[in-house]
Amino acid sequence: MHAKHKGHESMHAEMVLILIVTLVIAQLVLVQWKQRHPKSYNLVTLFQMWVVPLYFTTKLHWWRFLVTWFIFSVVTAYVTYRATRKPLVCTTPRLVYKWFLLLYKISYATGIVGYTVVMFTLFGINLIFRIKPEDAMDFGVSLLFYGLYYGVLGRDFAEMCADFMASTVGYYSASGMPTKHLSDSICAVCGQPILVDVSEEGIIENTYRLSCNHVFHEFCIRGWCIVGKKQICPYCKEKVDLKRMFSNPWERPHVMYGQLLDWLRYLVAWQPVIIGLVQGINYILGLE
């Protein structure tokens with residue numbers, strides 16, 4: 001290898017420079033795109049996260065991933081279909097948040113187990129159970145990948161469904177004023193009465209009051225903030241204090257995990273595209 005690359009120091013330096021410049025320019029373009037046209041940016045990013053891993057795993061014949069990807073796609077497609085129907089069925093918001101909250105918790109647990117297996121392997125604990133290091137590491141990295149990938153993908157689909165449902169219910173608008181006036185007895189997330197009598201048809205559960213004094217079903221507002229990635233009031237758009245909402249220390253890691261997934265979106269969706277662009281530039285310039 002050293003003999004093959006001997007005397008190519010200037011070429012290698014040029015390739016590194018191309019990589020750095022491309023990363024900087026791509027980051028600036030993506031930031032400007034996200035700020036100026038957030039809807040198209042989110043839609044393209046979501047599509048890439050859904051398709052790019054499918055291409056590589058099909059090429060490598062990773063059938064286990066393809067099976068889980070197919071199951072996820074079928075269920076999520078059905079849930080998304082329900083969320084985008086008009087008029088919105090009263091049970092749909094709860095169905096949507098239940099599915100994505102379940103997916104969020106499964107991805108969280110899978111990622112934690114995968115990370116734990118990787119750390120145990122690095123410290124040699126796998127040898128106690130007579131497991132080969134490469135087998136233990138492959139298992140841990142696979143679980144970590146599954147957890148992070150479906151966590152990122154699920155959160156983005158959940159955000160899209162939350163926007164559709166909230167705009168259909170009418171108490172929330174991403175831009176401008178809501179189309180309906182919110183009554184004190186209505187939950188702005190699902191559009192259903194907050195308190196109902198035992199003899200009436202409705203949802204009976206705990207409620208939560210934000211600092212802006214708007215009241216919601218506790219399940220709805222938690223789904224809106226954690227799963228739907230909306231850290232604002234669903235009606236007046238006042239900033240939600242997540243630390244106050246999730247005062248239980250056992251719940252705070254879910255919030256931090258969600259923030260980690262948002263950061264990893266760039267690596268999952270755009271990093272392969274940028275690396276492919278760099279390789280294309282190197283090929284055009286005749287660099288190896």
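Colleague: How many disulfides does a search of the whole structure find?
Modeller: Keep in mind that this is a predicted model, where local features need pLDDT of at least 70, side-chain atom pairs count only at pLDDT 80 or more, and totals for chains, interfaces and linings use all residues. Residues are numbered from 1 along each chain as its sequence is written, and side-chain values use heavy atoms, with hydrogens and water left out. A disulfide is a pair of cysteine sulfur atoms within 2.5 Å. Searching the whole structure on that basis, the number of disulfides is zero.

Colleague: Which cysteine has the sulfur closest to that of C212?
Modeller: The gap between the two sulfurs is 3.6 Å, so they're too far apart for a bond. C212 itself counts as buried (under 20% relative accessible area; exposed is over 50%, partly exposed in between, with a 1.4 Å probe and protein chains only), because its relative accessibility is 16%. The partner you're after is C233.

Colleague: And which cysteine sulfur is closest to the one in C233?
Modeller: C233 is buried, with a relative accessible area of 0%. Its sulfur sits 3.6 Å from the closest cysteine sulfur, which is too far for a bond. That closest sulfur belongs to C236.

Colleague: How many helices and strands are there in the chain?
Modeller: Both are DSSP runs numbered from the N terminus: helices are H or I with at least four residues, strands are E with at least two. From the N terminus on, the order goes α-α-α-α-α-α-β-β-α-α-α-α. The tally is 10 helices and two strands.
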